[in-house]
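Work through the exercises below with the sequence and the coordinates open. Each task is followed by a stepwise solution.

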Amino acid sequence: MDSAAHYLGFDFSTQQLKVIAVNEQLHVVYEDNVQFDKDLPEFGTQGGVHVHEDKLTVTSPVLMWLKALDCILDRMKASGFNFSKIKALSGTGQQHGSVYWRTASREVLNHLPAEQPLHIALQTCFSISDSPIWMDSSTRAECHHLEKSIGGAQVLANITGSRAYERFTGNQIAKVYKQKPKEYSQCERISLVSSFAASLFIGDYAPIDYSDGSGMNLLDIHKKTWDETCLNACAPGLKEKLGSVVPSSSVLGNVSSYHVQRYGFSPHCSVVAFTGDNPASLAGMRLEEGDIAVSLGTSDTLFLWIKDPTPALEGHIFINPVHFEDYMALLCFKNGSLMREKIRDNCSSASWEEFSNILRSTPPGNNGHIGFFFDVMEITPQVVGIHRFNAKNQKVSEFPQDVEVRALIEGQFMAKRIYAERLGYKILPQTKILATGGASCNQDILQVHYLCLVRCFRI
């Protein structure tokens, strides 16, 4: 290992904790991960989570996250990794998840004994042992209450960037207050997964950052402060429990003495605010104003950098993690690669090569034929089924196979543009489209993407 400064990044995701260290040239000098199911079987998770009997409630054990961090730091130390070279660290967390610190836990966090691992030193510090996470869909009643309290779904979206969603943290907190009032009253601080992780490094409660805080249905994304009406609709005393919010690039301070003594970090190592995984994707892909990033995976996800958002009932507006005066939009489409694979199997003999040949041989615009293909209930928009329209705008029951293939791809990408523009996205002369995910390997799919939008660079 060279003597230059290194930088450390952590990702507290659903199924694993990942770490990566890079040097000043951004070359990777260390990476590792802890798989929750495999490496920490004592917590009994499947896919890193506990799915409850109602099939709607989904949680993850807080102590599992702590023990994973202990494991990964201990491995680094055992490998001879020189923590004193780390100049700064930061990280990401799965969005929307919430951690409930028990009263008097701040004192424990401020004075962690270096001889104990975190999962031992902090084991009594949480009033709720299993944290609600983004996969939870049990808060429909709380969502309805919040939208009614604020004046409707669109009013809520105008303030917080999104209508009420079951996975969003404010609605999860409302459920905790309603169903576990004792545990809520025993809680002195509520963290997101990202700010929880940052707290472990600074030895104090870390503030929630603007971008991750935008995924809570609680933050006024224009004023960049908690909205009092939203807070009061969810639970009493919530503003004090949430603490302050800060820009996503804020330096929170230096690592705590615990990490200096236990692992050999420099006492001057800076800790930058952790943020959510989706905002971190926008920052990591180095998007600029007007750019689009699209992940073409099992579901298709669109990240947009915008200046003048127009929040809608579909999609999300977050405060931009890179420039907090700007915004980012996030759109998720559930019928992504699985839908493309189904049409491939039905229309091109399960061959991507034949699928591509069809795309190359059919004209842009598909002679006026277009289709919308939703094998499962879509998120954006909420609809299911196959809907085909001919050049006369008449609904038809089927297309020829070559028309079907192009109708699928053009329909998918035109839908992305339509919903992006509804959120305030504007194509600029310098606009780039960055594609990643499995389908980005298919140049013919990307060419249709190019024709539907602007230009495309595959990463």
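The exercises concern a predicted model and go from the overall fold to single residues.

**Exercise 1. Overall form**

Determine whether the radius of gyration of the protein agrees with that of a compact globule.

Solution.
- Start with the chain length: the protein has 459 residues, so a compact globule would have a radius of gyration near 23 Å.
- Compare with the model: the protein has 23 Å, which agrees.
- Add the extents: along the principal axes, the C-alpha atoms fill a box of roughly 70 × 55 × 45 Å.
- Add burial and contacts: 55% of the 459 residues count as buried. Among contacts between residues at least 6 apart in sequence, 67% join residues at least 24 apart.
- The secondary structure consists of 18 helices and 25 strands.

**Exercise 2. Helix α9**

State how many residues of α9 are buried, and describe the residue that follows the helix.

Solution.
- Locate the helix: α9 covers residues 193-202.
- Apply the cut-off for burial, under 20% relative accessible area. By this, 10 of the 10 residues of α9 are buried; among them are Ser194, Ser195 and Ser199 as well as Phe196 and Phe201.
- Move past the end of α9: Gly203 follows, with a positive phi near 70°.

**Exercise 3. The second largest pocket**

Find which elements line the second largest pocket and which residues lie nearest its centre.

Solution.
- Take the volume, about 270 Å³, and the lining, 21 residues.
- Assign the lining to elements: β21 (370-374) and α17 (401-422) are those that give two or more residues. α17 gives the most, with 9 residues.
- Sort by class: the lining has 12 nonpolar, 5 polar and 4 charged residues.
- Look at the centre: Phe372, Phe374, Pro381, Gly411 and Ala415 lie nearest to it.
- Follow Pro381: this residue is in the loop between β21 and β22 (385-389), and a cis peptide bond with omega of about -5° joins Thr380 to Pro381.

**Exercise 4. Two residues with positive phi**

For Ala104 and Asn366, give the loop and decide whether each is buried or partly exposed.

Solution.
- Ala104 has phi near 80° and lies in the loop between β7 (98-102) and α3 (105-110).
- Its relative accessible area is 47%, so Ala104 is partly exposed.
- Asn366 has a positive phi of about 55° and sits in the loop between α16 (352-361) and β21.
- Its relative accessibility is 2%, so Asn366 counts as buried.

How values were computed:
Residues are numbered from 1 along each chain as its sequence is written. This is a predicted model: local features need pLDDT of at least 70, side-chain atom pairs count only at pLDDT 80 or more; totals for chains, interfaces and linings use all residues. Side-chain values use heavy atoms; hydrogens and water are left out. On a 1 Å grid over the protein atoms alone, a cavity is a set of points where a 1.4 Å probe fits but cannot get out, and a pocket is an open set with protein on both sides within 12 Å along at least five of seven lines; lining residues have an atom within 4 Å of a point. Grid points are joined across faces, edges and corners, and a volume is the space filled by probe spheres set on the points. Helices (H or I, at least four residues) and strands (E, at least two) are DSSP runs, numbered from the N terminus. Ala, Val, Leu, Ile, Met, Phe, Trp, Tyr, Cys and Pro count as nonpolar, Asp, Glu, Lys and Arg as charged, and the others, Gly among them, as polar. The radius of gyration is taken over C-alpha atoms; the globule rule is 2.2 Å times the number of residues to the power 0.38. Buried means under 20% relative accessible area, exposed over 50%, partly exposed in between (1.4 Å probe, protein chains only). Contact means heavy atoms within 4.5 Å.
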